[in-house]
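Here is my note on the model you sent, set out as numbered points. Please read it with the sequence and the coordinates open beside you.

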Amino acid sequence: MPTLPWTTPNAPRPQTRAVVMASRFEVRSLADVPRFFWKSLAAWRQVRTAPGAVGASLIAQPLKRTFWTLSAWESREALYAYAKAEPHYSIMTSLRSTMDNSTFTFWDVPVEELPITWPEARRRLAEQRQADAAPAEGAAGA
């Protein structure tokens with residue numbers, strides 16, 4: 001399982017809070033994996049120089065067609081600026097057709113708690129995935 005370990009692009013200011021974002025992406029087929037992986041590396045290079053990025057990691061599970069991201073930011077504004085900047089914006093839009101499932105979750109932590117561990121991120125993503133599915137399950141039973 002290829003993992004890009006936690007890196008700290010910009011040292012966080014002490015005694016502040018960071019916005020953490022974790023995501024899980026699943027592509028539709030194994031044929032989509034190389035393209036998604038290649039594009040994710042371009043986004044990784046971008047995050048390493050992004051203003052306001054205070055940490056990031058990536059896990060790729062190509063045979064499971066699954067990719068995980070974990071990042072921490074000085075603010076939501078810094079995170080949103082990264083998401084709207086190139087090449088990330090074009091990467092997001094160009095990969096939409098290859099996506100099967102995706103989950104995102106956000107939370108705040110004191111910067112002294114960085115780096116976030118992958119078990120913590122996966123736990124939060126599992127909770128978010130359950131919460132996202134709950135309304136659809138309730139509607140189906142109605």
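1. I begin with helix α4, bearing in mind throughout that this is a predicted model. E120 counts as partly exposed, because its relative accessibility is 24% and the buried class ends under 20%. R123, at 37% relative accessibility, is likewise assigned to the partly exposed class. The side chains of these two residues, E120 and R123, meet in a salt bridge with an N to O distance of 2.9 Å. Both lie in helix α4, which covers residues 118-141, and they are three residues apart, or about one turn of the helix.

2. The wider set of charged pairs deserves a careful look. Side chains of opposite charge can pair when their charged atoms come close. Seven salt bridges are found when the whole structure is searched. Through shared partners, R24, E26, R65 and D100 are joined by salt bridges into one network.

3. Within that network, R65 is worth following from one partner to the other. Its side chain meets that of E26 in a salt bridge of 3.0 Å, taken from N to O. Since R65 lies in the loop between β3 and β4 while E26 belongs to strand β2, the pair ties together parts that are 39 residues apart in sequence. E26 is buried, with a relative accessible area of 11%, whereas R65 is partly exposed at 22%.

4. The second pairing to check is the salt bridge between the side chains of R65 and D100, where the N to O distance is 3.8 Å. D100 sits in strand β5 (residues 99-110) and R65 in the loop between β3 and β4, so this pair ties together parts that are 35 residues apart in sequence. D100 is partly exposed, with a relative accessible area of 37%.

5. Backbone geometry also calls for comment at R65, whose phi is near 60°, a positive value in a residue other than glycine. Q15 has a positive phi of about 60° as well, although it is not a glycine. Q15 is found in the loop between β1 and β2, and it is exposed, with a relative accessible area of 70%.

6. Where are the cis peptide bonds that a reader should inspect? One runs from E86 to P87, with omega near 10°, and P87 lies in the loop between α2 and α3. Another runs from L114 to P115, with omega near 0°, and P115 has its place in the loop between β5 and α4.

7. Turning to the interior, the largest nonpolar core has 22 residues, and F36, V47, F67, W73 and Y82 are those with the most contacts inside it. At least two residues of this core come from each of β2 (17-27), α1 (33-47), β3 (53-61), β4 (66-73), α2 (76-84) and α3 (88-95). The most is given by α1, which supplies six residues. Apart from this core lies another, of 16 residues, which includes I59, A72, L114 and W118.

8. W73 can be examined in more detail, leaving aside its neighbours within four places in sequence. On that basis, its contacts include V47, L79 and Y82, as well as R17, A18 and V19. Also among the residues that W73 contacts are A50, P51, G52, A53 and V54, together with A78.

9. Two packed helices are described by the angle between their axes and the distance between the axes. For α1 and α3, the angle is about 160° and the axes are 10 Å apart. Because angles over 145 degrees count as roughly antiparallel, α1 is placed in that class relative to α3. The contact is made by R35, F36, K39, A42, A43 and Q46 on the α1 side, and by H88, I91, S94 and L95 on the α3 side. The crossing of these two helices, α1 and α3, is left-handed.

10. Finally, is T7 buried or exposed? With 18% relative accessibility, T7 counts as buried, and its place is in strand β1, residues 3-7. Not counting residues up to four places away in sequence, T7 touches W44, R48, V54, G55 and A56.

Terms used. Residues numbered from 1 in each chain as written. Predicted model: local features only at pLDDT ≥ 70, side-chain atom pairs only at ≥ 80, totals over all residues. Heavy atoms only, no water. Core = buried A, V, L, I, M, F, W, Y, C linked by side-chain atoms within 4.5 Å. Buried < 20%, exposed > 50% of the residue type's maximum accessible area, 1.4 Å probe, protein only. Helix = DSSP H or I, 4+ residues; strand = E, 2+ residues; numbered from the N terminus. Contact = heavy atoms within 4.5 Å. Salt bridge = Lys/Arg side-chain N within 4 Å of Asp/Glu carboxyl O. Axes fitted to C-alpha atoms, helices over the stretch in contact; angles between N-to-C directions. Parallel < 35°, antiparallel > 145°, perpendicular 65-115°, else oblique. Left-handed = near helix turned anticlockwise from the far one by under 90°.
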